Amino acid sequence: VPYRFDPEPYLPLTAPMFQLLLALADGEKHGYAILKEVDRRTAGRVRLSAGTLYGLLKRFIDEGLIAESSERPDPALDDERRRYYRLTANGRAVAVAEARRMEQAVCDARAKQLLRNPRTS
Amino acid sequence: MPRDSRLFRLLVRLAFPREFRAGYADEMSRTFAVQHREARSRGPRALAALWAEMALDAMRSGPRLYVDQLRQDLRQARRTIARQPGFFVVGSLVLGIGIAAATAIFSIVDAALLRPIPFDGPDRLVAVREQVPQDTRPWELSYPAFLGLREHATTLEHAAASMRYGVTLAGAEPRLTEAAAISSDLLETLRVRPAAGRRFTAAEDIPGAAPVILLRETLARERFGTPEAAVGKTIPVDGDAPTIVGVLPESFRFPGADIDVWMPIGQLAGEPWMRDRAVHVALVIGRLRPGATVAAARAELTAWMDAEHARQPNADPGHRILVRPLASQVSAASRTTVAALGGAVLLLLVVTCSSVGLLLVTRASGRTSEVSVRLSLGATRGRLTRQFLTETACVAAVGTAAGIAGAMALLDYLVHGLADALPPFVVPRINVAALGAAAVTAVVVTLVCGIVPAAAALSFVRIPGAQRHRPRHRLIAVQVAISCVLVVVAALLARSLDRLLRVDPGFRSDHLLLIRVSAPIASYTSAADITRFFETIRARVRTLPGVVAVAAGAPAPLTAGSVGDLHVEGGTDVGGPVATYRRVQPGYFATLGIPLLEGRDFTDRDGAGERVVIISAGVARRFWPPHGAIGRRIKVGSAPREPWLRIVGVVGDVRNQTLEDAPELATYEPHAQRPWNALFVIVRTAGEPTALVSAVRRAIRDLEPQAVLSPPSTMEARMAESIAARRFYTVVVGTFAMTTIVLVALAVYGALSYSVASRRREIGIRCAVGASTAALRRFVVGEGLRPTVAGLAAGLAGGAAAAWFARSLLFDIGPDDPLTYAGVAAFFLLVLAAATWLPARRAARIDPTIALRVE
C-alpha cells in the first residue's frame, strides 16, 4: 500500500503557523527573514516573535513539515552560522489544505450573503 | 548591546526548555541582535516595545514548548508500553494493590487515631471514669456519683452523663431499638445542635417530668417524612408516648453509632438501681473550663472522691478517678489493632513499590543496547532520564487510579469487618489525607523507581560487569526481610486464632437457637406475671417437634453480663471480687450443656421461700475447700442492701463474656426469684437450629402478640461473631503477608531468570569444562538464595520486634514462640528454593555448544 500523507489532522492552523508555512512557500529562508516577510506581508497583523517562531520551527521540523536546508544561497552574502529552513512536501500539503479550508469558509460566507462577491474587473 | 544580549540570553534560559535551547538559543540571539539594532535606531520607545514583546513572547511560548516536550515523552512512553504491555500491566497492578490497601487502611487509621473527635473544641472534652481494684478495665460512674461530681467540679464548664439501653419501639411490628438516656446538658457539653426542634431542658431531666424524646434523623424521616414534621408529635416507646422535642443530625453518634432515640436520664432517677452507688452505669464526659487542664480536673476530682470516701467509708473502696481526654477513649486494644494494620500495610506498600522498582531495574538492564544506540544517535542523558521517568509515571498514574478505585471497594469491607474495633463516632471514608498518601506514594515511587533504573541503565553503558546485579540483590534482600516480618506476625496471629477456636467455652455450642424475648411492660406488671409468661413459653416450646431442651436466661453466654461485688457470709464486708450475675430458669445448665458439678439445679419451687443461688466452680475454689460451698451464703451487688443467697449448686466454669478472657466468677439466680422482663429463650435442637425459628416464634407470638422478639441467632454464629474482629484482622494481615511472599518469590524468580539468561556464556563454559547438571543447579540455586539469607535473618529479628509490639493481639502464645520462627524460616527457604528451581533447571539444560556460539 503506497503511503499517502494526510494533512487533515494538522488543521486548522493558527495564524502564526499558516503565515510561517506561507513565508517558506516561495523558497527557503532564515529565521529573521521569515519574521520580516510575515511582518511585511500581513502589515503587522500577525507578529511572530523569536520564541513563537523558533518554537513553531522546532515543532514543524519534528513533525516533518519543515526541514533545515543544507544549501546556502551565496556564501559571500551570508553569515555561515545562519540556518535556513524550507518547506517539505508534507508541509506544502498542509499549507495548501489550510488555504483550501479558508477558501471554503469564504465561499460559505458568500453563499449566505455574509460577504459580497469579489468584484470582477 | 552586549548587556542587552546577555539579558536576552538569560530570558531564554529562564523561559525555554533545555533541549529547545540547545537547538535554537544561538539562532534566537542572532535574530534578536538584528531586531535590537533596528529598534535602537528608531529610538528608546521602539526598544522598550521590543523588550516588552520579547518578555510576553517568552511567557507564552516557553510553557507551550514544555507541554510539547511532555506530549512527546508520553507518545514515546506509549510506544514503549505498547511494545511490552505485560510489564506495564503487571507493574500497575502490583502498585495498585499496594496503594489500594494503603489508602483504605490509612483512611481507617486517620479516622480512628489521627482525626480529632467530631465535636466542637475536641481538645477540651474529657471522659471521667473509675479505676477499680477488681478489674483492669475502667468502670463508668454511678448516677449518684455523677450528680455529686457535677455539683462539685469547678474545673469543668459542663459535665454530662449518658447510658445505653434498649427500648421497644411500637409499630406494625414492635422492634427493639438502641436508646441512650442522657443528661439534659450532654448536647450542650458536646456543642451539638439538633437538626430540628430543641435540646432537653433541665426541667425535663428529673423524675416525674412529662416524657420527652429526641429522635435520630433517619428514624424521624422514616416515621414522619421530615425532621421538622416529627417535632411535637408523639411516638410509642415501651408502652409510653413521649413527645418528640427535637431531631438529632445523622452525624451525631454518641454514646454509640447505632442509637436511634435519646431520653432524659433524670426521668429514670427514681429507679432503685439508679440511686445505687454500686451500679456503675453513667458514662460521664465533661468540658474543661477555659484555662483548666486535664491534670487540674484530675486533681480536683480525685480530691472530691477522697472526700466522698471519707464521708462514706463503705462506698467504692479503692476506686480511683480517671480523667482522660475524650479523644483518647479509643481503647488500647483497638489502637493496637489499627496500628498493627497500619504497620502491616506500610510494609506491604514498601514491598509492592520495591517490586515495581525491581521490575523497572530488570527491564532497564535489558535496555542497555537501546540506551547506547540512542546515546550515540545524539540523545542526551537528560532526555533518556526523562523518558524513563515518564514511563514510570505512567505506571504510577495507572497504578494509583486502580489503587483508589480498589480502595473504595476495600474500605467498605474493612470498616464492616472492624466495626467492633473502632470507636462509635469514627466514620472512615476515603479522605483527602488518604488520597494524599496515595499520591505521595505514587510520586515517591516515580522518583525513586524511575531514577534508579535510569541511572542503572545509563551507568551500564559505562560500567558493565558483575556489579550490575548489586542493586537488584539489595532490593531482594530488603523485600525478603519485610515479607518475613509480615509472615511472622501473620503466623502468630493465625496460631492465636487457631488456639482461640479450640478454647473450651464451658458449654456445648452446637445445636443451640437463641431468641431474646421481652414481655410488654404495660401488660406484665407483677413479678408473678413475668415469671408465668416465661414459664409458659418454656412449656410450649418444649413440646415442639425437634426440640431437645429449652430454658430462658439472661444475659446470654458471650454477652457482657452485669457485674457486682461478691461477698461471702462471714467474710469482710468490703472489697470483694467482682462476679457476674445471671437469672436463669430451671434446666438452663442442662440445655447449654454446662456440667452440674455439685448440689442441684433450680426447680420450679425456687423463687418462693429462701433465696438460692448456683455458683461457678471458680467461685467455689476461691472461697472454700473442695465440696465446701454447698449451703454457704453469699451476696452479689452493693453490700448492705442485697439479700443473702444460699448456694444450692456448683456448675462448671464458662467463658461467659468473651472466648478470650478467662472464665469469670459467675453466679446464677433462679429467674422466678427476681424476674427480669427480657430473657434469651435458648433452645437445644435435634437438627439444624435455624429450621425451628418460625415454630418457636409462632409459639411465643400465639401466647403474646405484643412480645418483642430479637432476630434469632445460633450459638455457633454468636461464637463466630465474638471472634469476628480477630478473624478479620488475622485474615487481612495474612493476606498482606501472602501477597508479599508471592511478590518476593516472583522477584527472586525474575532476577535469577534474567541473571541466567545474561550469563549463558559463563554457564556454558562451566558446563564445557565438566560441571555436572546437579552442580550447575546447585550453583544457580545458591546464587538465588545468597542475597535472601541476610534478608531472612533481618526479617526474623524484625518479626520478633513487630510481634512484641503487637503482643496484646496474641492469644495464648508468646511473641517469641520458637516453633513459629522456625516454621517461618523453613517456609521461606522452601518458597525461595521453589522460586530458584525453574531458572536453575533452565541453566542446567543450557547446551554449551549453542551458548558459546551465540556469544
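# Exposure, salt bridges and helix 4

User: Why is Val106(A) called partly exposed?

Analyst: Its relative accessible area is 33%. A residue is buried under 20%, exposed over 50% and partly exposed in between (1.4 Å probe, protein chains only), so Val106(A) at 33% belongs to the partly exposed class.

User: What kind of model do these values come from, and how are residues, chains and atoms treated?

Analyst: This is a predicted model, in which local features need pLDDT of at least 70 and side-chain atom pairs count only at pLDDT 80 or more, while totals for chains, interfaces and linings use all residues. Residues are numbered from 1 along each chain as its sequence is written, chains are lettered from A and ligands numbered from 1 in the order in which they are written, and side-chain values use heavy atoms, with hydrogens and water left out.

User: Which residues make a nonpolar surface patch with Val106(A)?

Analyst: Leu114(A) and Leu115(A) join Val106(A) in a patch of about 280 Å². Patch residues have over 30% relative accessible area and no salt bridge; like charges are joined within 9 Å, and nonpolar side chains (Val, Leu, Ile, Met, Phe, Trp, Tyr) within 5 Å. The areas come from the Shrake-Rupley method with a 1.4 Å probe; for residues, only the protein chains shown count as cover.

User: Where does Val106(A) lie, and what makes that element a helix of the expected span?

Analyst: Val106(A) lies in helix 4 (residues 89-111) of chain A. Helices (H or I, at least four residues) and strands (E, at least two) are DSSP runs, numbered from the N terminus. The expected span is 1.5 Å times one less than the number of residues. For the 23 residues of helix 4 of chain A this gives 33 Å, and the end C-alpha atoms are 33 Å apart, which agrees. After helix 4 of chain A comes Gln113(A), with a positive phi near 65 degrees.

User: Which residues of helix 4 of chain A are buried, and what covers them?

Analyst: Gly91(A), Val94(A), Ala95(A), Ala97(A), Glu98(A) and Ala109(A) are buried. Their cover includes helix 1 (15-23) and strand 3 (84-87) of chain A. Across chain A, buried residues make up 40% of the 121 residues.

User: How do you know that Asp185(B) and Arg150(B) form a salt bridge?

Analyst: A salt bridge requires a side-chain nitrogen of Lys or Arg within 4 Å of a carboxyl oxygen of Asp or Glu. The N to O distance for Asp185(B) and Arg150(B) is 3.2 Å, so the pair qualifies. Asp185(B) lies in the loop between strand 4 (175-182) and helix 6 (186-190) of chain B, and Arg150(B) in helix 5 (residues 143-152) of chain B, so the pair ties together parts 35 residues apart in sequence.

User: Is Asp185(B) buried or exposed, and how is Arg150(B) classed?

Analyst: Asp185(B), at 16% relative accessible area, is buried. Arg150(B), at 31%, is partly exposed.

User: What makes Glu188(B) and Arg199(B) a salt bridge?

Analyst: Their closest N and O atoms are 3.0 Å apart, which meets the limit of the definition. Glu188(B) is in helix 6 of chain B and Arg199(B) in the loop between strand 5 (196-197) and strand 6 (212-216) of chain B; the two are 11 residues apart. Glu188(B) is partly exposed, with a value of 36%.

User: How many salt bridges does this rule give over all chains?

Analyst: The count comes to 41.

Conventions. Contact means heavy atoms within 4.5 Å.
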